[in-house]
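Colleague: Hi! I'm new to this one, could you walk me through it?
Modeller: Happy to, let's put it on the screen.

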Amino acid sequence: MSRPGSNSFRIVELCGCVCLALLANRFAQAQQGQALPVGVSFEFADPQIVSFFDSDTQRKQIEQQIGAQFISRLQSRFHYWTFAPTSATVNVSLKLGLRESESQTVALWTALLNGSREITRWEKVVYPPGELIRLGMPTARQWLAKLPGVFDDGFLRSHNQEILNALKGVAPVGKDIILMPAAADPSLLPRAVLALDSNQYDDLQDCEFRLHYDWSAGGKVTIHSSGIGMHAPFAPATPPFDGIVVQLEKWQQGSNSQDIERMRNHLPELTPVEFYLEAIKGPGSD
Amino acid sequence: MKVHRKILGILTVVVIPLFAITAESQAPSPAVSTASGSRGQTGNVPSSGKVDTTTGAVAGRYRISTEQEYSDRFEEARQKAAIGNYTEAITGFQDVADRAHQSNDSDTEAESSLRLARAIELSGSKGTLDDASFARAKLAYDRAIQFGDPGQQASARNGLASMLLRRGDPAGAVTQLRAIDLARVDASHRAVYRYNLGLANEKSGNWAEAYSSYLGAIGDKPEYESAAQATFALLQRSTQPRISEAVQFNNFLLSTGQISSAGGYTKQLLAQWAGKPDSQRLLAALLQYYSVSPLTLDDLREREWPYLQHIASSAPELAEPIRDIQVACFASFPPMFEHYQVLDFFHGWAGGDWQQAAMGQMLKRTGDEFKKNGEFQEALSRYAAAWALSFDADAALYAASVLHDHRQFIDSNERLFDQLLNGIIEVKGMDYSKLDWPNILRMHTLLGTIFEQEKHWGSETELRSAIFQWNRAIYAEAQIRHSNPQYPPSPELYMKLANAYQQTGNPKALELYLTAAQAFADTGNVKQARSALAAAGSLNGSKAPSVQQRVDEIAAEIKKEQS
């Protein structure tokens, strides 16, 4: 077991701290145009595994470093959200931990939480039966080397669709929406600009989004919209950026859904709450 | 592009230092994003290509002073297009393109030509263009291709191809899309171009090219749903059953993590082609989906079984294999450990290796579910059957783990336990190089632990003993290391065998303690390394100078690691 005093541990510790500092810095710089955060936290959790650490301080440091690696992998795979260490202000989060079961099988579990409610959970074997018996309990350095790869390959790649669909269901990608002026051609569907910086999210400009609003006439409204491969200034953002343009297609309240044309006059009565990614599309030719 | 370059010029000063700090972050970098933004939109695909940010910014500042007069015009046209006022946008982009041409500003000329072409296309009523508008849009795309950089050229060719497709000229679209240098395009854009190439090929009647283009698009961006939908539709519309392609499609989706799509599409294609020759291969593909999907036994019973019953009723030749699936999922059966026995029991899946492998995976998966539900006897039966049917060492390992954790099953499954002890996989005459040594290693480790707990140390020739099983485990490790020298060593295993030898007074214990100490020290596990070294030191008898030298070396290594 690598101990807090060892050189190797100090290097790992230092790298982790720098990594965390950069992450925190990046998150602190989050500004308009950046997708909303999804919290990420990791704890070894299993008492058997926890007991192998020399101290709580050492364990927590390693947990933070592993958490930072998870965030980095998540951001790389699903850049439609901003993954960040879990905090009180972040509602949707991924909580990860380890579980040791029979034959010293160790599994990494990931739970998607909306507030305190668990939405879904995945589990992936890290060490199959017999593996820890032959290896002995991994050192801090070995956990750090092992878990991010298992997370990336065992979850993010293998369960790509499940994770993406689960996130699409509960994690909004943005909040602010600006209705665009009506076009001269009345046959064109109304359009809006989403507060997603097109420089960063240009691959979302043909995707479908669910826009959630409060309606001054009462109740909540969901508008189904599609990107049209364009962006436009998101005014009055500071600093200025181009947001993604969507055309509004369906107006849904409860289970009632209707074409947007019929409700076009009511659009100014809506106050945006948040918007969600509905489907990832590229520009079709049909 | 002047307007974007103006922003770029400002941002570069601010962004580059920040980028330097956060360069290791996996998040899209501001610098790259800004460069991307400088290319603008095609309306068809996000722009692509790489720009030297610093160079671009310098060039942008230079252009700000020389091209000021049309930058505002461009921005105005861009906003008109975004709102949907295409007539004004067209006039604006045309104007900017012409002025850029006069200024020899090829970047701006290409960018505004791209936007001009797209605005013309969007201005057509319900997506149709009259001949004059088509000719004008095509001219604009051609201009972007002529003057643009590789990213702009690719966007323009893609836009032109899409327009040609809508115009009913798929061959022309194929020509344009094939001219794109895909190697110079990032995966996200490549997926779009390949998808469109698939469409163009499909409309040209090039089935095989369409199929491979769509699969390529899925590989480039698995979450891009249109490509998978198009592949499915292509298969579904095929005039003849395309079983092998459908199986490949299923496997490809599974390999890219699109598990739910794989299941959904495979079920529909199986319903369409059930009863056709080779349709059991699709059923086997469905088992592969079941094997990796998060379905529980209840899900299988409530959601999948009615579907499978429907398939069985429509295709009598699938009735037996489907009945076997029912047995694997829901029936109670005793553990079987002979290949011929399991072939007879799951006769519908006995025909070939691919059938045995598919049912083997399914049995392993249902074994996991039974184990999760605490039904260990049922789990053991399925692991054993999976092992005996397809020689799946992973299933054997889990069978061993059930026996390891639930010792009462050893007595009631004596023969199975004996088969495990005999290392059934090794004596079946299988190709030595294809053996799953990592799982064989783990299995012997588990079996050794069973005897260790009984304090049955035994010997190197006694099957039912800890020493035999751990020696076999170390042999398996040597086989792994032969092909993979980087394979992590097994310090705890050496330690356990050393303990067993020490219990029996075998002098080999010393060497093994030292090997364990060395392996622990190599992996930075100081505490365990010290413990192994202490165990070596506690052995009775004098130690040769070479042994003492080795002890000193390991101790020095531990000290170094600690400091």
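**A first tour of the two chains**

Modeller: Chain B comes to 29 helices and zero strands; helices (H or I, at least four residues) and strands (E, at least two) are DSSP runs, numbered from the N terminus. Before we go on, this is a predicted model, where local features need pLDDT of at least 70, side-chain atom pairs count only at pLDDT 80 or more, and totals for chains, interfaces and linings use all residues. Residues are numbered from 1 along each chain as its sequence is written, while chains are lettered from A and ligands numbered from 1 in the order in which they are written.

Colleague: And what is the secondary structure of chain A?

Modeller: Chain A has six helices and twelve strands.

Colleague: How much of each chain is buried?

Modeller: In chain A, 44% of the 286 residues are buried, and in chain B the share is 53% of 563 residues. A residue is buried if 20 or more other C-beta atoms lie within 10 Å of its own, exposed if 12 or fewer, and partly exposed in between, with C-beta atoms placed from the backbone.

Colleague: How many residues does each chain put into the contact between them?

Modeller: Chain B gives 67 residues and chain A gives 58 residues. Two residues are in contact if their C-beta atoms, placed from the backbone, lie within 7 Å. The side of chain B that touches chain A divides into 27 nonpolar, 32 polar and eight charged residues. For those classes, Ala, Val, Leu, Ile, Met, Phe, Trp, Tyr, Cys and Pro count as nonpolar, Asp, Glu, Lys and Arg as charged, and the others, Gly among them, as polar.

Colleague: Let's pick a helix. What covers the buried residues of α14(B)?

Modeller: The cover includes α6 (160–170) of chain A, together with α12 (225–237), α13 (243–255), α15 (279–292) and α16 of chain B. The buried residues of α14(B) are I259(B), S261(B), A262(B), G263(B), Y265(B), T266(B), L269(B), L270(B) and W273(B).

Colleague: How far does that helix reach?

Modeller: Helix α14 of chain B (residues 259–273) has 15 residues and reaches 21 Å from its first C-alpha to its last, close to the 21 Å expected at 1.5 Å a residue. The expected span is 1.5 Å times one less than the number of residues. Just after α14(B), G275(B) takes a positive phi of about 95°.

Colleague: Which residue in the loop between α14 and α15 has a positive phi although it is not a glycine?

Modeller: That is D278(B), with a positive phi of about 75°, in the loop between α14 and α15 of chain B. D278(B) is partly exposed, with 13 other C-beta atoms within 10 Å. F391(B) is not a glycine either and has a positive phi of about 55°. F391(B) sits in the loop between α20 (376–390) and α21 (393–405) of chain B, and counts as buried because it has 20 C-beta neighbours inside 10 Å.

Colleague: Why point those out?

Modeller: Most residues other than glycine have a negative phi, and most peptide bonds are trans. On the second point, the peptide bond from T238(A) to P239(A) is cis, with omega near -5°. P239(A) lies in the loop between β9 (220–233) and β10 (242–253) of chain A.

Colleague: New topic: how do α16 and α17 of chain B pack?

Modeller: Helix α16 (residues 297–314) and helix α17 (residues 319–330) of chain B pack at an angle of about 170°, with their axes 10 Å apart. Axes are lines fitted to C-alpha atoms, for helices over the stretch in contact, and angles run from 0 to 180 degrees between N-to-C directions. The angle makes α16(B) roughly antiparallel to α17(B); angles under 35 degrees count as roughly parallel, over 145 as roughly antiparallel, 65 to 115 as roughly perpendicular and the rest as oblique.

Colleague: Which classes of residue make that contact?

Modeller: The contact of α16(B) with α17(B) has eleven nonpolar, one polar and one charged residues. Among them are W305(B) and L308(B) of α16(B) and I322(B) and F330(B) of α17(B).

Colleague: Last one: which residues of α29(B) are buried?

Modeller: They are I554(B), I558(B) and E561(B). These three lie on the same side of α29(B), because they cover an arc of only 65° around the axis; the arc is that of the directions from the helix axis to the C-beta atoms. On the other side of α29(B), the exposed residues include P545(B), D552(B) and K560(B).
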